[in-house]
Amino acid sequence: MILRKRGLKVAVSLLALSMTFGTVSFANDVTSKCKSDYSQDQKVVARADAERAIEHVRYLSEEIGPRPGGLQAEKESAEYIANVLKGYGYEVEYQYFPVADQYIADVAFADGTSWQMAAAPNGKVSKEAVTGEVLFVDGGTNLADFPDDTAGKIVVMPRASTTAAYRTQIDNAVKSGAAGVILQSLVGSRGNYGQTFNPSLTTPVDIPVYGAAFIQGEWLKERLAKGPVELSLTAERFSNLESVNVIATKAPKGKNKDTKEVILGAHHDSVVGAPGANDNASGVGLMLELARVYQGYNTDKELKFIAFGSEERGLLGARYYVEQLTQEQRDNIEAVFVPDMVATNYGPAKNLYAMTPNGSTNIVTDSTAAAGARLGNSDILPGKFSSSDHVPFHNAGIPATLFIWMGIDSWDPLVYHIEKVYHTPQDTIEDNISAERMKSALDIIGAGLFDVVRKDVPSLNK
Ligand code: BES
Ligand code: ZN
């Protein structure tokens with residue numbers, strides 16, 4: 001504070017000097033300050049490597065695959081992240097928290113490959129396989145929609161729009177003797193393809209009832225066009241689940257009781273059935289790559305790298321993290337950077353938005369906007385958006401910002417542009433990841449964050 005005041009005083013007297021004597025010393029002072037910030041930026045930009053970040057995306061989305069909150073795959077993801085961060089020399093801890101049961105289905109083909117779907121808790125949920133040939137029924141709210149040879153088949157239907165209407169589809173399938181039901185998701189609420197879902201049944205049904213992603217339904221239709229398709233359905237209820245946050249700490253150069261803390265945090269879970277390459281292995285990959293870049297640099301503030309669990313289940317990891325902090329610890333957090341979906345290749349998502357829940361600016365939006373300006377990178381824009389791990393921090397009064405690629409002509413969710421494939425089995429490196437977008441996000445977030453964490457005294461241009 002004293003230093004900051006002194007800095008301001010110096011600036012003011014220089015300005016007075018330059019006015020009195022007509023010199024340009026103030027301008028020079030600002031220029032050299034920016035120059036020094038620019039050369040600090042280069043310490044990040046010259047080293048941050050999109051391919052390395054995408055290698056983490058590859059491990060999480062391909063080697064592990066879907067990582068639903070609380071399941072074994074999410075634990076594997078946590079372990080991978082922890083090992084990488086330990087390898088860079090950071091202190092790492094796991095933070096566990098309870099989450100609700102998951103009902104997960106495995107839909108296996110004759111060739112041994114399988115797809116993950118979500119199961120209706122009130123349908124048959126068993127490891128004992130139900131097998132049958134697939135029958136696609138377009139409709140199903142009328143009993144007459146089912147052909148005579150429905151008995152013993154696994155019926156796939158595009159989901160009717162209300163729970164009451166899809167209950168009728170299921171009841172009609174049961175009456176027709178179906179061995180199992182797979183409901184194909186509707187198109188999503190944000191104009192994206194629909195994701196897997198747990199069909200809701202208020203009273204039990206004794207056959208398996210699963211919720212498929214829209215694209216899985218389309219893929220089944222394509223396979224059927226080539227010939228009969230045999231499926232083997234199994235499901236499991238996972239109980240007493242714990243999800244996990246991974247927390248790594250970079251110690252400040254000289255810690256005193258006033259040392260502030262800065263957080264870079266990204267969720268590592270995905271929705272059921274989705275490899276989550278962009279949502280959000282990309283955010284984790286960016287975080288891990290910046291952790292590598294920063295490892296040898298001295299910083300004045302404490303920096304925490306956090307991989308949040310169970311974001312997709314209601315921002316649970318970030319919420320738990322904030323809840324267990326004392327008020328004093330909350331007050332000590334200066335800034336929270338949340339990358340979520342930072343590498344999509346979707347053309348119309350042409351800007352990297354720095355989003356706060358109420359559209360206000362804060363140290364995170366300001367530092368990244370300034371970094372973009374210094375770097376001549378105009379991708380970064382401010383915006384207003386919730387739906388991610390910045391929300392629990394924001395609600396606790398902590399400056400927090402989400403970074404996400406989008407295209408915005410209007411704030412109507414059906415009009416703004418995000419990739420169609422998010423939350424679906426197509427959120428893969430092949431279909432949804434751009435190295436250029438990853439690099440731009442690494443540079444802007446990396447340089448903005450480095451500027452905040454590097455110095456005790458904020459620079460004049462903030
Ligand atoms: N990465 C998404 C948020 C997102 C999706 C932002 C699409 C912009 C466009 C995030 O992982 C997510 O899906 N969040 C949930 C939050 C909910 C569970 C509280 C969402 O928005 O459904
Ligand atoms: Zn996400």
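**Exercise 1. Work out which residues of helix α3 are buried in this predicted model, and what they pack against.**

Solution. Start with the helix itself: α3 covers residues 50–64, 15 residues in total. From first C-alpha to last, α3 reaches 20 Å, close to the 21 Å expected at 1.5 Å a residue.

Next, go through the side chains, taking buried as under 20% relative accessible area. That picks out Ala50, Ala53, Ile54, His56, Val57, Leu60, Ser61 and Ile64.

Now look across from those buried residues. Their packing partners are α4 (72–87), α7 (277–294), α12 (429–432) and α13 (435–454).

Finally, check the two ends. At the start of α3, Asp49 puts a side-chain oxygen within 2.9 Å of the backbone nitrogen of Glu51. After the helix comes Gly65, with a positive phi near 90°.

**Exercise 2. Find the protein donors of the zinc ion (ligand 2) and say why the arrangement counts as irregular.**

Solution. First, list the protein atoms: NE2 of His267, an OD of Asp279, and two entries for OD of Asp340. These sit 1.8 to 2.7 Å from the zinc ion.

Second, map them onto the chain. The spacing reads H-x11-D-x60-D. His267 belongs to strand β10 (residues 261–267), while Asp340 is in the loop between β12 (333–339) and β13 (351–356), so this pair, 73 residues apart, links distant parts of the chain. Both His267 and Asp340 are buried.

Third, turn to the geometry. The 6 donor atoms around the zinc ion subtend angles of 51 to 163°. For six donors to count as octahedral, opposite ones must be over 155 degrees apart and all others between 65 and 115. The 51° end of the range breaks that rule, so the arrangement is irregular.

**Exercise 3. Describe what surrounds ligand 1 and pick out polar contacts.**

Solution. Begin with the neighbours: 16 residues surround ligand 1, and the closest are Glu311, Glu312, Asp340, Met341 and His423. Notice that Asp340 also turns up among the zinc donors.

Then go contact by contact:

- Asp279, another zinc donor, has a polar side-chain atom 3.2 Å from a nitrogen of ligand 1.
- Glu311 has a polar side-chain atom 2.7 Å from an oxygen of ligand 1.
- Ser387 uses a backbone N or O atom, 3.1 Å from a nitrogen of ligand 1.

**Exercise 4. Sketch the protein as a whole: how many helices and strands are there, and what are the spans?**

Solution. Count the elements: 13 helices and 15 strands. The C-alpha trace spans about 95 × 40 × 35 Å along its principal axes. Of the 462 residues, 55% count as buried.

Technical notes:
Residues are numbered from 1 along each chain as its sequence is written. Chains are lettered from A and ligands numbered from 1 in the order in which they are written. This is a predicted model: local features need pLDDT of at least 70, side-chain atom pairs count only at pLDDT 80 or more; totals for chains, interfaces and linings use all residues. Side-chain values use heavy atoms; hydrogens and water are left out. Helices (H or I, at least four residues) and strands (E, at least two) are DSSP runs, numbered from the N terminus. The expected span of a helix is 1.5 Å times one less than its number of residues. Buried means under 20% relative accessible area, exposed over 50%, partly exposed in between (1.4 Å probe, protein chains only). Contact means heavy atoms within 4.5 Å. A polar contact is a pair of N or O atoms within 3.5 Å; within protein, one must be able to donate a hydrogen and the other to accept it, and residues adjacent in sequence count only if both atoms are side-chain atoms. Donors are N, O and S atoms within 2.8 Å of the metal (3.2 Å for Na, K and Ca); water is not among the atoms, so sites may look incomplete. Four donors count as tetrahedral if all angles lie between 85 and 135 degrees; four count as square planar and six as octahedral if opposite donors are over 155 degrees apart and all others between 65 and 115; anything else is irregular. A residue is near a molecule or strand if one of its heavy atoms lies within 4 Å of it.
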